[in-house]
Amino acid sequence: MRKIILSVILLTLLILTLFSSFILNTNPAPTQEVKFDSGDTAWMIVATALVLIMTPGLGFFYGGMVGKKNVISTMLQSFMAMIIVTLLWVFVGFSLSFGSSIGGFIGDPTEYFMFQNVNINTAYGTIPFMLFALFQAKFAIITPALITGAFAERIRFWAYMLFMLLFILFVYTPLCHMTWHADGFFFKMGVLDFAGGTVVHMSAGWAALAGAMFLGKRKTQKSNPARITYVLLGTGLLWFGWFGFNAGSALAANGLAAQALGTTTVGAAAAGMAWIFYDKILGHKVSAMGACIGTVVGLVAITPAAGFVTIPHAIFIGAFSAIVSNFAVSRFPKGKIDDALDVFACHGVGGMVGMLLTGVFASKAVNPAVTDQGLIFGETTLFINQFVALIIVSLFAFTVSYFLFFIVNKITPLRVTEDKEELGLDISQHGEFL
C-alpha cells in the first residue's frame, strides 16, 4: 500500500510540474517597471542561505546528543525537512501563510499555489517577491526539524514524514499567517515577533511536548551522547546561520538589520555565559554541552525581540532566558515525560520567555514600527497582547499537534518496535551505521 501511495504522489508531482505552464500563471510579465535595491537583494540572498544552513547545523547539534546507534537517523530527520518542506512550501505552504487572509487565520491556498504569482517581476518592499517567499521557506523548514529532538531514538521514519507534512499545514502556516500577514489575527492585535519566537520556537516546543507525551518513554537505557564535537559544530553553525534568521528579518540591508545582528550576538553570548555560571553555582562542572545548549537558548529567546530591543536589554534577555530554561531542564519530569533532548524546556520555554520579554523591552527608539512600547517604559498594552497571544499559541500548538500525532498513529504506527529501538534507528530504519 505504501508503495502505491508513494507512486501516486510522485506521478502527480511529475504531471503537475510538466503542465504547469498551461494551467498556472507562474511568471507573469510586469505591469509596470519594477526596481529593486541591489544591496537589499544581495543581503537577503545571503540571509536566505544563512537560515538554510541552520537546519544541517541543527542536525549536527541533535545528532551529537543521541546515542551512537541513532546519529544518522536523527540527522536525517533534519535533512529531510529541507527536502519535504521546500516542496510543500512551493505547492501550498506559502499560499496558506501569505495568501489573502481568510478571517485573519489562514491564507488563500490557491493564490500562490505552486508559486503562481510568485516571481521576479513583483517587488516585496525593495526585494523580489520570490526572494521573500524563499526566505520564508527556510523558517518553515527548520520548525519541524526542531521537534525531532523530543522523540529521538524511537519514532518511525515514515510516521515522522507524515507528521511533518501535517504540522506545516495545520500548525505552522496558521501561526505564520496570524503573526506575520498584515491582516493576520495576531498582527492586528499588535503582537510583536520579529523573527519567529512564536511562529517557530513556541510552536515547535509545544509540539515537542505533545510528541514526547504521546510516544511515551524510550524502552532502552538512555545512552551517552555520541559526539560532543558534533554538538559544538552544530552550535557554531546555528549561531552563524541565526544572523540570517534574525538580521535577515529586517528584509533590507539597513540599520535595523545591524541592530538585530547585534542583539543576536550579545543575547547568545550572555545566555551561554549565564548557563555555565548557573551550572557552576549548582555545583556542576563547566561542560561543552551546557555552553552549547545555553547559547542556543539565548538565540531562541532573542529571536522575537531582535529588532525591537537595545543591546543591554538583549543581554538581559539572553541571561535571564538561560537561567529559566536551565531551571526548567532540571525540574522537567523526566521520569514521566521523555523529551529526549529537552526541546520544550529549551525552545518552548526559551520562546515564551523571549516573547514576554519583548513585551517588556520593545522600544520605539530601536524600531519606529513599535506602536506600543514595553512594560519597562510604563506602557502595558503590548505586554498584555504578548501574554494573551502566548496563551493562545500554547493551547493551539499543543492541542493540534497532539491530535496530529493521534491521527498519524492511526494511519501508521509512530513508534518503532522494541527490538528495532534496541537495534538502533540507523540500522532498523535506514540500513546504515557510523
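The following dialogue takes a learner through several features of a predicted model.

Q: What is the overall make-up of the chain in helices and strands?

A: In this predicted model, the chain contains 16 helices and 4 strands. Its radius of gyration is 21 Å, close to the 22 Å that the globule rule gives for 434 residues, so the chain is as compact as a globular protein of that length. The C-alpha trace spans about 65 × 60 × 35 Å along its principal axes.

Q: How much of the chain counts as buried, and how much surface is accessible?

A: A residue is called buried when its relative accessible area is under 20%. Of the 434 residues of the chain, 56% count as buried. The accessible surface of the chain comes to about 17,800 Å², and carbon and sulfur atoms account for 69% of that surface.

Q: What share of the contacts joins residues 24 or more positions apart?

A: Among contacts with a separation of 6 or more, 77% are between residues 24 or more positions apart. A single residue can illustrate how contacts are read. F214, which is found in helix α8, touches Y402, F405, F406, N409 and L414, when residues up to four places away in sequence are not counted. Distance in space is read separately: F214 and L238 are 24 residues apart in sequence, and their C-alpha atoms are 28 Å apart.

Q: How many salt bridges does the structure hold, and which residues does R218 pair with?

A: The general idea is that side chains of opposite charge can pair when their charged atoms come close. The structure holds 4 salt bridges. R218 forms one of them with E153, where the closest N and O atoms are 2.6 Å apart. R218 lies in the loop between α8 (197-215) and α9 (228-247), while E153 lies in the loop between α5 (129-147) and α6 (157-180), so this pair ties together parts that are 65 residues apart in sequence. R218 also forms a salt bridge with D338, with 2.7 Å between the closest N and O atoms. This second pair links distant parts of the chain, 120 residues apart, since D338 is in the loop between α12 (311-331) and α13 (343-361).

Q: Are R218 and its partners E153 and D338 buried or exposed?

A: R218 is buried, as is E153. The relative accessible area of R218 is 16%. D338 has a value of 9% and is buried. Salt bridges that share partners join E153, R154, R218 and D338 into one network.

Q: Which residues meet in a salt bridge at R415?

A: The side chains of R415 and E421 meet in a salt bridge, with an N to O distance of 2.7 Å. Both R415 and E421 are buried.

Q: How many disulfides are there, and why is C292 not bonded to C346?

A: To count as a disulfide, two cysteine sulfur atoms must lie within 2.5 Å. By this rule the count comes to 0 disulfides. The sulfur of C292 is 12 Å from the closest cysteine sulfur, which is in C346, and this is too far for a bond. C346 is likewise in no disulfide. C292 counts as buried at 4% relative accessibility, and C346 is buried with a relative accessible area of 7%.

Q: Which residues form the nonpolar patch on the surface, and which helix gives the most to it?

A: The patch is formed by F105, F185, I384, F387, V388, I391, I392 and L395, and together they have about 680 Å² of accessible area. Helix α14 (residues 381-411) gives the most, with 6 residues. L395 is found in helix α14, and L395 is exposed, with a relative accessible area of 55%.

Q: Where do N117 and D342 lie, and what is the sign of phi in each?

A: As a general guide, most residues other than glycine have a negative phi. N117 has a positive phi, near 70°, and lies in the loop between β2 (106-107) and β3 (123-124). At 28% relative accessibility, N117 counts as partly exposed. D342 has a positive phi of about 55°, although it is not a glycine. D342 is placed in the loop between α12 and α13, and at 14% relative accessibility D342 counts as buried.

Key
Residues numbered from 1 in each chain as written. Predicted model: local features only at pLDDT ≥ 70, side-chain atom pairs only at ≥ 80, totals over all residues. Heavy atoms only, no water. Patch = residues over 30% accessible without salt bridge, like charges linked within 9 Å, V, L, I, M, F, W, Y side chains within 5 Å. Areas by Shrake-Rupley, 256 points an atom, 1.4 Å probe, with all protein chains shown as cover. Helix = DSSP H or I, 4+ residues; strand = E, 2+ residues; numbered from the N terminus. Buried < 20%, exposed > 50% of the residue type's maximum accessible area, 1.4 Å probe, protein only. Rg over C-alpha atoms; globule rule 2.2 N^0.38 Å. Contact = heavy atoms within 4.5 Å.
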